[in-house]
Amino acid sequence: MRKFWVVFVVLIVGFGAVVYFGRDPFPVVPLPELGDGPVTLRVVRAINDRFNSLSEEEFESVLDQTARSVRFHFGLEVRFERGDDYTIAELFQLIPEPAEELALSLSYTPPPSGVSPEELISSIAVQIENGRVSTANILRFLEASIPGASRMRTKDLAESVASTWLDGLRAWQGLVAEDGDQVIDSSNYHQYAMWDFLGYGHLPFDIVVTNQLAASAERYAFSPASAPSGGQMGGLTGYSRKGQYGTYTMLSTFTYTNDIGDLTKLSPGQFLDSAITTRHAALMLTHEIGHLVLLLGHPWNNPNCIMSPSRPRLNGLSSGLDAAKCKIGSEPAMTPGAANIRYDRDLRGRLGPLGRFKSAVVAFMGGQADV
Ligand SMILES: [Zn+2]
């Protein structure tokens, strides 16, 4: 009888292991088949009426310039099919409640100045240790604010990154919009995680262009590019269950159209001139379409690439970008499928038991974030 139980337990454990280890809890969005004809991308605007936004003419100009730029950089024909504008509130209603709860549980509220942000520090340290974010990439973006960072131990580096990130975020929180209220109000529209989880709902678009500011801190998906600007995000491409390619893109035009003082330190992408604004937005959107359709990654070391992380490249408004010196397939990050945009299988399946993934493993979730 005892032998029976031993065999029984071994069988059950073995079966459990196959079930557990055979299915990646955070699978990668697979590379789509594109076919021959032009790619049609469904675009919508999501407007927060507290803030200024691009005019209709400017928005159409962004789409036209993007189509040209996508052809130039990726050799891809894209067309845009527009949906009626949404309000930001209508858009956020598309996020299923369990996805919203998880997103907010991963968002990080800065403690009062002087209190150490322990949870944020350990989350950044985990992401450095597991190789999700390399020290070299952190240095590339934070070298001015973290002297001696290359010689720091992981914990000290994570501490410096967290403090830079939260100083910037507190600065955003102190800014007042043209309507007289704070730019970051009591809504969750500025939370990156909410945008990252938007695609778990029935989002019938591939691209959302919003005049909303996205600036926040999270205990997952740390981006060295956005930390120096207080977690501000100009664009992101993440998972979408209703996306034609399993992905969706968000582009934020907030800093182009809202004059809230000198943002030089927080957001070097602030432009108020219409021609420059539309050009910059089109380059940002082109970069995101590289993630969205081709699942391209970030070629950190080739400044000719539109897919090079955007802040340093696009501020020169495309000067130095050269598609001929950054061809598709020319390096691993420029090979379609490189982006590794992941989703939470369990959340997608049933938006399952919350709390289960509130651990270091969430560091593997999330899409590509750009400033
Ligand atoms: Zn990117």
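Okay, so this chain has 12 helices and seven strands, where helices are DSSP runs of H or I with at least four residues, strands are E runs of at least two, and the numbering goes from the N terminus. Before I go on: this is a predicted model, so local features need pLDDT of at least 70 and side-chain atom pairs count only at pLDDT 80 or more, while totals for chains, interfaces and linings use all residues. Residues are numbered from 1 along each chain as its sequence is written.

The overall picture, then. Of the 371 residues, 46% count as buried; that takes 20 or more other C-beta atoms within 10 Å of a residue's own, with 12 or fewer being exposed, anything in between partly exposed, and the C-beta atoms placed from the backbone. Take the contacts in the chain with a separation of 6 or more: 77% of them come from residues 24 or more positions apart. A contact here is two C-beta atoms, placed from the backbone, within 7 Å.

On to the strands. β1 covers residues 39-47 and pairs in the parallel sense with β4 over four bridges; pairing needs at least two DSSP bridges between the strands. One of the partnerships is Arg-45 with Val-209 in β4. β1 also pairs with β2, residues 78-82, again in the parallel sense, over five bridges, and there Val-43 stands opposite Arg-82. Why do we call β1 largely enclosed by the rest of the structure? Because seven of its nine residues are buried.

Now β4 itself, residues 207-210. Ile-207 and Val-209 point one way, Val-208 and Thr-210 point the other way, and all are buried. Besides β1, β4 is joined by four bridges to β6, residues 247-252, and those two run parallel. Ile-207 has Thr-249 as its bridge partner in β6.

Next, a couple of helix pairs. α2 (residues 56-74) packs on α10 (residues 274-292) at about 50°, axes 8 Å apart. The axes are lines fitted to C-alpha atoms, for helices over the stretch in contact, and the angles run from 0 to 180 degrees between N-to-C directions. That angle makes α2 oblique to α10: under 35 degrees would be roughly parallel, over 145 roughly antiparallel, 65 to 115 roughly perpendicular, and the rest is oblique. The crossing is right-handed, so the near helix is turned clockwise from the far one by less than a right angle, and anticlockwise would be left-handed. Among the residues that meet are Val-62, His-73 and Phe-74 in α2 and Leu-283, Leu-285 and Ile-289 in α10. By class, that contact divides into eight nonpolar, 10 polar and two charged residues. Nonpolar means Ala, Val, Leu, Ile, Met, Phe, Trp, Tyr, Cys and Pro, charged means Asp, Glu, Lys and Arg, and the others, Gly among them, are polar.

The other pair is α5, residues 118-129, with α7, residues 154-173, at about 125° and with axes 8 Å apart. α5 and α7 are therefore oblique too, and α5 passes α7 in a right-handed crossing. The contact includes Ile-121, Ile-124 and Ile-128 of α5, plus Leu-157 and Val-161 of α7. The classes there are nine nonpolar, one polar and three charged.

Last stop, Thr-257, in α9, residues 254-257. Buried or exposed? Thr-257 is buried, because 20 other C-beta atoms lie within 10 Å. Setting aside neighbours within four places in sequence, Thr-257 is in contact with Asn-52, Ser-53, Leu-54 and Asn-211. Its C-alpha atom is separated by 8.3 Å from that of Gln-270, 13 residues apart along the chain.
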